[in-house]
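Take a look at the sequence and the structure. Then read on for a short tour.

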Amino acid sequence: MDRIIIRGGNRLSGRLPVSGAKNAALTLMPCALLTDEPVTLRNLPRLADVDGFGHLLNQLGASTAIEGTRPEEFGRVMTIRTGRLTSTEAPYDIVRKMRASILVLGPILARAGEARVSLPGGCAIGNRPIDLHLKALEAIGAQIELAAGYVKASAPGGRLSGGRYRFPVVSVGATENVVMAAVTAKGSSIIENAAREPEIVDLCNLLVAMGARIAGIGTETLEIEGVDRLHGATYAVMPDRIEAGSYACAAAITGGTLDLVGVKADDMRATIDALVEAGVVVTEQKDGLRIAGPDRLGPLTLSTAPYPGFATDMQAQFMAMLCMADGASVLTETIFENRYMHVPELARMGADILVQGRTAVVKGVSKLVGAPVMATDLRASMSLIIAGLVADGETSVARVYHLDRGYERLEEKLQAVGADIERVSDG
Ligand code: UD1
C-alpha cells in the first residue's frame with residue numbers, strides 16, 4: 001500500500017492549478033443517464049471516485065470515452081453516452097465503496113420509470129441516512145420500497161408526476177437527486193429549503209444546458225418545470241473550492257505564498273473570511289486567489305453550516321492549520337457527527353485538542369512533530385498532510401487511497417510549490 005512521506009519545514013511558494021470539483025463531477029456525471037445524446041464534461045478531475053463513477057455508469061449501459069488530454073495536464077474530457085439503459089440497478093458492491101453512487105437513483109428512475117439502488121450502509125463520518133432522498137422523490141411521485149438492503153423506486157405509469165417538497169434539513173445529495181429526477185417529470189416541482197452549494201448551481205446549469213427548465217438556481221427554492229426530453233451538452237466542471245481551500249491552509253501554515261489558479265473567490269467566501277480573520281492575506285486576482293500566510297496565525301471560532309456557511313469539508317484542514325495558531329480556537333461541527341477522527345492523529349504529532357461532543361478546542365502549540373499517521377476519510381487525510389508540511393522531521397501518511405479519491409495528483413502539486421513530499425509504495 002502507498003504512503004505519503006513529508007519532511008516538514010518548507011515554505012510553499014508558487015502557482016498551484018486548482019482541479020475540477022470532485023463533488024460537482026459526481027453529480028454532473030449521472031446527468032448523462034437522462035438523455036440518449038452524448039454529454040461531454042470538460043475539466044473532470046482525475047480521481048479514483050470519478051473513475052469509480054464512470055464504471056457504475058458503464059454497468060448501467062452508458063459508454064464513457066476519455067479524450068486526448070496529455071498526461072502532464074490536469075483534468076480530462078469525458079463523453080458519456082447512454083443510448084439505452086441496459087440495467088436499472090446500482091449494486092451493493094459499488095454503492096458500498098462510493099456513497100455518491102446513490103446519485104444515480106433519481107436519474108435512473110426518471111429515465112426508466114424504475115430503479116433499484118443498494119442502501120449505502122455505514123460511513124466513516126457518521127450515520128449518513130438517505131431518508132431525505134427518498135422522501136423528496138416520493139413527493140414528486142415515486143413509489144418507494146425498501147427490501148433486502150435495496151431501495152426499489154418506481155414511477156406509476158413510467159413517469160414521475162412532479163410535486164412539492166420542503167426539506168426539513170438541508171441536504172446536498174438529496175437536493176441533487178430530486179432535481180435530477182424532477183427535470184423530466186410530467187408536471188412541475190417546487191423544492192424548498194434546497195441546498196445552495198455552488199455544486200448544486202453547477203448541476204442546475206448543466207441540466208439547463210441539456211434543455212431543463214429550472215428557476216431560482218442558487219436560491220433555497222427551486223422551481224422546475226418538467227420537459228419531455230433532454231438533449232446532450234458540453235459543459236466544464238466548476239473549480240474545486242474545497243481543494244483550493246485545502247491548499248490555502250497549506251500555504252498559510254507554512255507562512256508561504258501560493259497563487260491558486262482557476263478558483264472562483266465567490267464560491268468560497270466563508271473560507272476566505274476565516275483565513276483573513278486568522279491573519280492570512282488573501283488577494284483576488286484575475287485568474288484566481290493569492291494566499292500569503294502570516295508569521296504567526298491567529299485563533300478562530302468557527303462553526304460548520306450549509307452553504308454559504310463554513311463548509312464541513314474544510315473543518316479538518318482548518319483544525320490542522322489552527323494547531324499552529326497563537327491562542328485557542330473553538331471549532332463546532334454541526335453537519336456530521338463523528339467527524340473528528342483526525343484529532344487523535346494530530347495529537348500524535350503534538351497537537352493540543354480537546355473534543356467535547358460536537359466542539360473541539362484547539363490550543364495552538366509552538367511546533368508539531370512528524371509521526372506515522374493514518375486517517376479514515378478524505379478531508380481528515382488532508383489535515384494530516386497540512387500538519388506534516390510544518391512538522392519537524394518526517395510524517396508518513398498511510399491509507400493514501402482516501403486522498404486519491406479527492407485530490408488530483410496531490411504530491412505533484414505540492415512538490416511543484418516547494419514541499420518535500422513523495423509517495424512511496426510498500427509493495
Ligand atoms: C455532500 C458532499 C460532502 C459534504 C456534504 C455536506 C458530495 C459527493 N458529498 O455529502 O463532501 O461533506 O455534502 O456539505 O457532494 N442527511 C439526512 N438524510 C438524508 C441525507 C442527509 O439526515 O437523506 C443528513 C446527513 O446525515 C448530514 C446532513 O443531512 O447530517 C447533510 O448531509 P448532505 O448534505 O446530504 O451530505 P451529502 O450529500 O452526503
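The tour goes from the ligand to a helix and then to the cysteines.

This is a predicted model, in which local features need pLDDT of at least 70, side-chain atom pairs count only at pLDDT 80 or more, and totals for chains, interfaces and linings use all residues. Residues are numbered from 1 along each chain as its sequence is written, and side-chain values use heavy atoms, with hydrogens and water left out.

Start at the ligand. It is surrounded by 17 residues. A residue belongs to this shell if one of its heavy atoms lies within 4 Å of the ligand. The closest are D131, L132, S171, D313 and I335. By type, the shell holds seven nonpolar, five polar and five charged residues. Here nonpolar means Ala, Val, Leu, Ile, Met, Phe, Trp, Tyr, Cys and Pro; charged means Asp, Glu, Lys and Arg; the others, Gly among them, are polar.

Where does the shell come from? Domain 1 (2-18 + 239-425) and domain 2 (22-236) each give at least three residues. These bounds come from an automatic or database domain assignment. Helices α5 (131-139) and α6 (172-182) each supply at least two shell residues. The largest share, three residues, comes from α5. Helices are DSSP runs (H or I, at least four residues), numbered from the N terminus.

Now look at the polar contacts, which are pairs of N or O atoms within 3.5 Å; within protein, one must be able to donate a hydrogen and the other to accept it, and residues adjacent in sequence count only if both atoms are side-chain atoms. A polar side-chain atom of S171 is 2.6 Å from a ligand oxygen. Backbone polar atoms also take part: that of L132 lies 2.7 Å from a ligand oxygen, and that of I130 lies 3.5 Å from one. On its own, the ligand has 740 Å² of accessible area, and the protein covers 83% of that. Such areas come from the Shrake-Rupley method with a 1.4 Å probe; for residues, only the protein chains shown count as cover.

Move on to helix α12 (residues 378-390). It is mostly covered, with 13 of its 13 residues buried. Buried means under 20% relative accessible area (1.4 Å probe, protein chains only). D377 caps the N-terminal end of α12, with a side-chain oxygen 3.0 Å from the backbone nitrogen of R379.

Last come the cysteines. How many disulfides are there? The count is zero, where a disulfide is a pair of cysteine sulfur atoms within 2.5 Å. C204 is in none, and the nearest cysteine sulfur, that of C31, is 9.1 Å away. C204 is buried, at 1% relative accessible area. Why is C323 unbonded to C249? The closest cysteine sulfur to that of C323 is in C249, 11 Å away, so it is too far for a bond. C323 is also buried, at 1% relative accessibility.

Key:
Buried < 20%, exposed > 50% of the residue type's maximum accessible area, 1.4 Å probe, protein only.
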